[in-house]
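Student: Could you take one part of this model and look at it closely? I would like to know what lines it, and then what surrounds the ligand.

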Amino acid sequence: MSRNSLPIPDLTRPFDVLVIGGGNAGLCAAITARRGGARVLVLESAIKDFRGGNSRHTRDIRYMHKAATEYVTGPYKEQEFWDDLRQVTGGETNERLARLTIQTSEELGDWMPANGVRWQKPLRGTLHLARSNLFMLGGGKAMMNAYYETAYRLGVEIAYESEVRELKMRDGEFLSALAFYNGASCEVNAKAIVVASGGFEANIPWLKEYWGDAADNFIIRGTRHNDGRMLKELLRHGAKPVGDPRGCHAVALDARAPKFDGGIVTRLDSVPFGIVVNKDVKRFYDEGEDFWPKRYAIWGGLIARQPDQIAYSIIDAKALPLFMPSVFPPIEAGSIPQLAAALDLDATALLTAVNEFNRGVRPGLFDPGSLDNCRTEGITPPKSHWARPIDTPPYYSYPLRPGITFTYLGLTVDEQARVIMQDDRPAKNIFAAGEVMAGNILTKGYLAGFGLTIGSVFGRIAGREAARHAGA
Ligand SMILES: Cc1cc2nc3c(=O)[nH]c(=O)nc-3n(C[C@H](O)[C@H](O)[C@H](O)COP(=O)(O)OP(=O)(O)OC[C@H]3O[C@@H](n4cnc5c(N)ncnc54)[C@H](O)[C@@H]3O)c2cc1C
């Protein structure tokens, strides 16, 4: 469908289901509600070219499956999925919702292609995901384009550049939404809403309430539109919050990345193959604690706790081919003191840190594909795997900043994706899906590809239940 032929919805007519936010969760909800017979409107803040929120930056989705297929290399069953989730969250998860997500994720392998998504064979990389995750051909952008195409074909109405600013509610019931559309405020009526407006990661003042001035140095990997306005609005109306306000998915990002929307190409996966020091040239965490997909999402938080929220990944020539590079070239030097000078770090301190690390390295058989026995002894913090001396010039560094992917503070929901109010009763006609409720399941840590799983599973549930509520 060409840009010019996109239908312009008439927002003054009543809808059965209003979906707020046009990312993965919103489109899964809209498509499902429409298939359930509802008249559906999606309101999306961004312009059409930037539709798809954070979802357009994704590459892969984790899902439960019993056997290998053309696109995954082996089974990934419920127990293993559950064990992985329990490990990263330290067991702090809503088990009913988590198990529902895991079990229902099995359907996604068929549901997504039925709605236009195409798979590709996994690329070689450092994330070890070929067995557990499906990769979308063309990534999240192609996935979102396919969903929009399907939604239009089914008759879902979609308005871009339409930010919902306020919700009118009475006694836990949604009445109408005030949206800013076509340069004016307009009231939208619907029998039910699905809130799929992402987290509040792009709202720096809100992040500062929990992180202080450190949040000024955060880089937001995705859309600037996920400012948590709907989350705040629902909390104001008495929705029950869930999750640690500081909880988030935050990675080590190339410090040269743009403030918003840099996407996947600015993430750095070099950490397990070298050391990381802060601006005082101190190592501060075990760089080889576990497989990178199980650890990459804590590194943003670790860097956020360092002075000035800056750190430096230091590697040598033999590490360079082992990870997917950032879009920015590494800083290169022939010696460690020269590298320190290029980074504006104390040269003696960096040389001391590297020498101390090298002396701590025990002999072992290096294997990036397993939790190998290359580790350190006698240094703090230790490096538990993939520890090799940094001794082969040229030496390289990437400056790192906390890259916030999404926040975990959200809306409490039940198995029908209904938003739970402070009195523990479900709101009558308000459903939530995606980042805005991911904190029910993700409390800390992350499993690569699980953000889409939560959004897809709960988006479909929310769409189904909202359509049912609307009597469609
Ligand atoms: C760089 C990057 C890479 C990632 N890679 C992966 C991956 O490979 N696999 C994975 O599973 N997860 C990945 N994630 C996480 C994943 O993107 C999210 O978990 C998931 O896409 C969230 O979907 P969502 O629909 O909840 O939010 P989004 O896709 O962000 O959609 C929310 C939408 O709501 C709109 N909106 C916000 N407020 C309003 C309002 N008031 N009115 C109207 N519209 C509003 C926004 O414009 C946005 O389009 C990645 C995230 C980033 C940033």
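Tutor: Start with helix H2, which gives the most to the lining of the second largest pocket, with three residues. This is a predicted model, where local features need pLDDT of at least 70 and side-chain atom pairs pLDDT 80 or more, while totals for chains, interfaces and linings use all residues. Residues are numbered from 1 along each chain as its sequence is written, and side-chain values use heavy atoms, leaving out hydrogens and water.

H2 spans residues 78-89. Strand S12 (248-254) and helix H9 (299-304) also supply at least two lining residues each. (Helices, H or I with at least four residues, and strands, E with at least two, are DSSP runs numbered from the N terminus.) In total, 22 residues line this pocket. Cys 248, Ile 298, Arg 305, Lys 444 and Gly 445 lie nearest its centre. (A pocket is an open set of points on a 1 Å grid over the protein atoms alone, probed with a 1.4 Å sphere, with protein on both sides within 12 Å along at least five of seven lines; lining residues have an atom within 4 Å of a point.) The pocket's volume is about 390 Å³, meaning the space filled by probe spheres set on its points. Its lining divides into nine nonpolar, eight polar and five charged residues. (Ala, Val, Leu, Ile, Met, Phe, Trp, Tyr, Cys and Pro count as nonpolar; Asp, Glu, Lys and Arg as charged; the others, Gly among them, as polar.)

Now the ligand. A shell of 39 residues surrounds it, each with a heavy atom within 4 Å. Glu 44, Ser 55, Asp 60, Asn 226 and Leu 452 are the closest. By type, the shell holds eleven nonpolar, 22 polar and six charged residues. Helix H12 (450-469) is one of the elements that supply at least two of them, along with helix H1 (24-35), strand S7 (163-170) and strand S16 (395-407). H12 gives the most, with three residues.

Some atoms pair up with the ligand. A polar side-chain atom of Asn 226 sits 2.8 Å from a ligand oxygen. A backbone N or O atom of Asn 24 lies 3.3 Å from an oxygen atom of the ligand. For Tyr 446, a polar side-chain atom is 3.4 Å from a ligand nitrogen. The protein covers 97% of the 1000 Å² of accessible area that the ligand has on its own (Shrake-Rupley method, 1.4 Å probe).

How values were computed. Polar contact = N/O pair within 3.5 Å; in protein donor to acceptor, adjacent residues only side chain to side chain.
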